[in-house]
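Good morning, and thank you for the invitation to speak. I shall go through one protein structure, a few residues at a time, and I ask that you follow along on the screen.

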Amino acid sequence: MLVGKVMNPKENSLILDVCSAPGGKTTHMATLMNNTGQVVSRLIKASANRLGLTNIDAQEFDGMKLDRESIAKFDYVLADVPCSGLGIIRRKPEIKYKEKEEFRELPSIQKKILENAAKYVKVGGTLIYSTCTIQDNENINVVNEFLQKYKNFELAPIKEVNVDL
């Protein structure tokens, strides 16, 4: 749940979570905003209802396709992209039985989703890219390639994150 803490959304902000299912990060960000503003999210209506969060707009959406109505609309955009999951293998040991071919196309999918997500951020807004893997080709390599292509974005250090322990 570090993503929500790193994002640190202000109340009444407009957030887009482009890869939200099952919705843990979406509901966390909505809670951090004290149920104000709006988090546009995908496929998580049940979680939002269960938690009594009324500031989540659950929509169906394909992160691989550009949504022209969302361009430059959001204060914050989270791209928690599909990944190999190798960073959570302890919780999901079945991952080690997947074929390497299943992971081969992931970086191109991740890049496409990140490029689309970047278009949804307002000037001066925040874009967060996250995965649950430890693979460089799905993390820093994707980020570095993105930053080389999109000079209007910069990598910001995570200086201070208040994590509830």
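Let us begin just after helix 2, where Asn34 takes a positive phi of about 55 degrees. Please keep in mind throughout that the model is a predicted one. Why does a positive phi deserve a remark? Most residues other than glycine have a negative phi. Asn34 has its positive value, near 55 degrees, while being a residue other than glycine. As for its place in the chain, Asn34 sits in the loop between helix 2 and strand 2, the latter covering residues 38-42. Is Asn34 buried or exposed? With a relative accessible area of 49%, Asn34 is partly exposed, because that class covers values between 20% and 50%.

A second residue belongs in this part of the talk. Asn12 is not a glycine, and yet its phi is positive, at about 65 degrees. Asn12 is placed in the loop between helix 1 and strand 1. Its relative accessibility is 58%, so Asn12 counts as exposed, the cut-off being over 50%.

I return now to helix 2 itself, which spans residues 24-32. Which residues of this helix are buried? Among them are Thr26, Thr27, His28, Met29 and Ala30. Two of these names will come back when we look at contacts from other parts of the chain.

The first such part is Ser47, in helix 3, residues 45-51. Leaving aside neighbours within four places in sequence, Ser47 is in contact with Pro22 and Thr27. Its relative accessibility of 19% counts as buried, because the cut-off is under 20%.

The second is Pro9, in the loop between helix 1, residues 2-7, and strand 1, residues 14-17. Pro9 is buried, with a relative accessible area of 6%. What does Pro9 touch, if residues up to four places away in sequence are not counted? The residues are Gly4, Ile15, Met29, Leu32, Met33 and Tyr76. For a sense of distance, take Pro9 and Val40: they are 31 residues apart in sequence, and their C-alpha atoms are 13 Å apart in space.

Tyr76, which we have just met, lies in strand 4. At 7% relative accessibility, Tyr76 counts as buried. Setting aside neighbours within four places in sequence, Tyr76 is in contact with Met7, Asn8, Pro9, Lys10, Ser13, Leu14, Ile15, Leu16 and Thr126. How far is Tyr76 from Lys10, C-alpha to C-alpha? The separation is 9.7 Å, although their positions lie 66 residues apart along the chain.

Let me turn to strand 5, residues 121-130, which contains Ile128. Ile128 is buried, with a relative accessible area of 10%. Beyond its neighbours within four places in sequence, Ile128 is in contact with Val3, Val6, Met7, Val77, Leu78 and Ala79. Met7 is thus a contact of Ile128, and also of Tyr76.

Phe61 gives us another case, in the loop between strand 3, residues 56-59, and strand 4. Phe61 is partly exposed, with a relative accessible area of 24%. Its C-alpha atom is separated by 8.7 Å from that of Cys19, a residue 42 places away along the chain.

Next, a polar residue. Where is Ser84 found? Ser84 is in the loop between strand 4, residues 74-80, and helix 4, residues 101-104. Ser84 is buried, its relative accessible area being 2%. The side chain of Ser84 makes a polar contact of 2.8 Å with that of Thr133. A further polar contact, of 2.7 Å, joins the side chains of Ser84 and Glu138.

I close with a pair of helices. Two packed helices are described by the angle between their axes and the distance between the axes. The axes of helix 5, residues 106-119, and helix 6, residues 140-149, come within 10 Å and cross at roughly 45 degrees. That angle makes helix 5 oblique to helix 6. The crossing of helix 5 past helix 6 is right-handed. Which residues make the contact? From helix 5 they are Pro107, Gln110, Lys111, Leu114, Glu115 and Ala118, and from helix 6 they are Val142, Glu145, Phe146 and Lys149. By class, this contact has 5 nonpolar, 1 polar and 4 charged residues.

Thank you for your attention.

Definitions and conventions
Residues numbered from 1 in each chain as written. Predicted model: local features only at pLDDT ≥ 70, side-chain atom pairs only at ≥ 80, totals over all residues. Heavy atoms only, no water. Axes fitted to C-alpha atoms, helices over the stretch in contact; angles between N-to-C directions. Helix = DSSP H or I, 4+ residues; strand = E, 2+ residues; numbered from the N terminus. Parallel < 35°, antiparallel > 145°, perpendicular 65-115°, else oblique. Left-handed = near helix turned anticlockwise from the far one by under 90°. Contact = heavy atoms within 4.5 Å. Nonpolar A, V, L, I, M, F, W, Y, C, P; charged D, E, K, R; others polar. Buried < 20%, exposed > 50% of the residue type's maximum accessible area, 1.4 Å probe, protein only. Polar contact = N/O pair within 3.5 Å; in protein donor to acceptor, adjacent residues only side chain to side chain.
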